[in-house]
Amino acid sequence: MVMNRLKVCIFGSVIGFINGIFGSGGGVAAVYFLEKYAGIEAKKSHATAVALILPISVVSAVIYLFKADIMVKSVLITSAGGIIGGIAGAFLLGKVSNNIIHKTFGIFMIISAVRMIMI
């Protein structure tokens, strides 16, 4: 299913808004939109969402850097581990079935939702 440019732009705006407001979460929305409305299979939608979130996150980070109190030292230390984990995850994605990806992703979403509700 090929989406028209207006739909893609609207989805991109929603994804960017979610990512900008919550500091994350845009990737979750991107995966959902890519699978449900663009008909892209799980592995490709997850990989595409990561590539999509990078420029959105960079723009948000620059704005936050000038308008918010960011703990730069924590960002740098956490980013080092995140880069290592991102590399490992990217290589692992190609070896895991779509079914496992969906279930694992769902479990993380449920854990995150419960944690947020409990806070």
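Two residues are in contact here when heavy atoms of theirs lie within 4.5 Å. With that cut-off in mind, the tour can begin at Asn19, which touches Ser24, Gly25, Gly26, Ile53, Ile56, Ser57 and Ser60, leaving aside residues up to four places away in sequence. Please keep in mind throughout that the model is predicted.

**The whole chain**

Before zooming in on Asn19, show the protein as a cartoon: there are 5 helices and 0 strands, and the order along the sequence reads α-α-α-α-α. If you display the C-alpha trace alone, its span along the principal axes is about 40 × 35 × 30 Å. Colouring by accessibility will show that 17% of the 119 residues count as buried, while the protein exposes about 8,900 Å², of which carbon and sulfur atoms supply 75%. Of the contacts between residues at least 6 apart in sequence, 55% join residues at least 24 apart.

**First stop: Asn19**

Select Asn19, which lies in helix α1, and add the residues that it touches, among them Gly26 and Ile53. Is Asn19 buried or exposed? Asn19 counts as buried, because its relative accessible area is 3% and the limit for buried is under 20%. Now draw a distance from the side chain of Asn19 to the backbone of Gly26: a polar atom of that side chain lies 3.5 Å from the backbone nitrogen of Gly26.

**Second stop: helix α2**

Gly26 leads directly into helix α2, which covers residues 26–36. Select the buried residues of this helix, namely Gly26, Ala29, Ala30, Val31, Phe33 and Leu34, and then show what surrounds them: these buried residues pack against α1 (5–22), α3 and α5 (98–118).

**Third stop: the aromatic cluster**

From the buried set of α2, keep Phe33 and add Phe11, Tyr32 and Tyr37, since these four residues form one aromatic cluster. The structure holds 5 aromatic pairs. In the pair of Phe11 and Phe33, the ring centres are 4.4 Å apart and the planes meet at 15 degrees, so the pair is stacked. This pair links distant parts of the chain, as Phe11 is in helix α1 and Phe33 in helix α2, 22 residues apart. Both Phe11 and Phe33 are buried.

Next, turn the view towards Tyr37. Phe33 and Tyr37 form an aromatic pair that is tilted, with 6.1 Å from centre to centre and 40 degrees between the planes. What is the relative accessibility of each partner? Phe33 has a relative accessible area of 15% and is therefore buried, whereas Tyr37, at 32%, counts as partly exposed.

**Fourth stop: Ser45**

Move on to Ser45, whose place is in helix α3. Ser45 is buried, with a relative accessible area of 0%. A distance drawn from its side chain to the backbone of Ala42 will show a polar side-chain atom of Ser45 lying 2.9 Å from the backbone oxygen of Ala42. Show also the residues that Ser45 touches, not counting those up to four places away in sequence: Val31, Leu34, Glu35 and Ile40. Val31 and Leu34 will be familiar from the second stop, where they appeared among the buried residues of α2.

**Fifth stop: the nonpolar patch**

Switch to a surface representation and select Leu54, Val58, Val62, Leu65, Phe66, Val72 and Leu76, which together make a nonpolar surface patch of about 720 Å². The elements that give two or more residues to this patch are α3 (42–67) and α4 (72–93). Which helix gives the most to the patch? Helix α3 does, with 5 residues. For a closer look at one member, pick Leu65, which lies in helix α3 and, at 47% relative accessibility, counts as partly exposed.

**Last stop: Asn4 and Ala38**

Finally, return to the segment before α1, where Asn4 has its place. Asn4 is partly exposed, with a relative accessible area of 44%. Select Ala38 as well and draw the distance between the C-alpha atoms: Asn4 and Ala38 are 9.9 Å apart in space, although 34 residues separate them in sequence.

Methods. Residues numbered from 1 in each chain as written. Predicted model: local features only at pLDDT ≥ 70, side-chain atom pairs only at ≥ 80, totals over all residues. Heavy atoms only, no water. Patch = residues over 30% accessible without salt bridge, like charges linked within 9 Å, V, L, I, M, F, W, Y side chains within 5 Å. Areas by Shrake-Rupley, 256 points an atom, 1.4 Å probe, with all protein chains shown as cover. Salt bridge = Lys/Arg side-chain N within 4 Å of Asp/Glu carboxyl O. Helix = DSSP H or I, 4+ residues; strand = E, 2+ residues; numbered from the N terminus. Buried < 20%, exposed > 50% of the residue type's maximum accessible area, 1.4 Å probe, protein only. Polar contact = N/O pair within 3.5 Å; in protein donor to acceptor, adjacent residues only side chain to side chain. Phe/Tyr/Trp six-rings, centres within 6.5 Å; stacked < 30°, edge-to-face > 60°.
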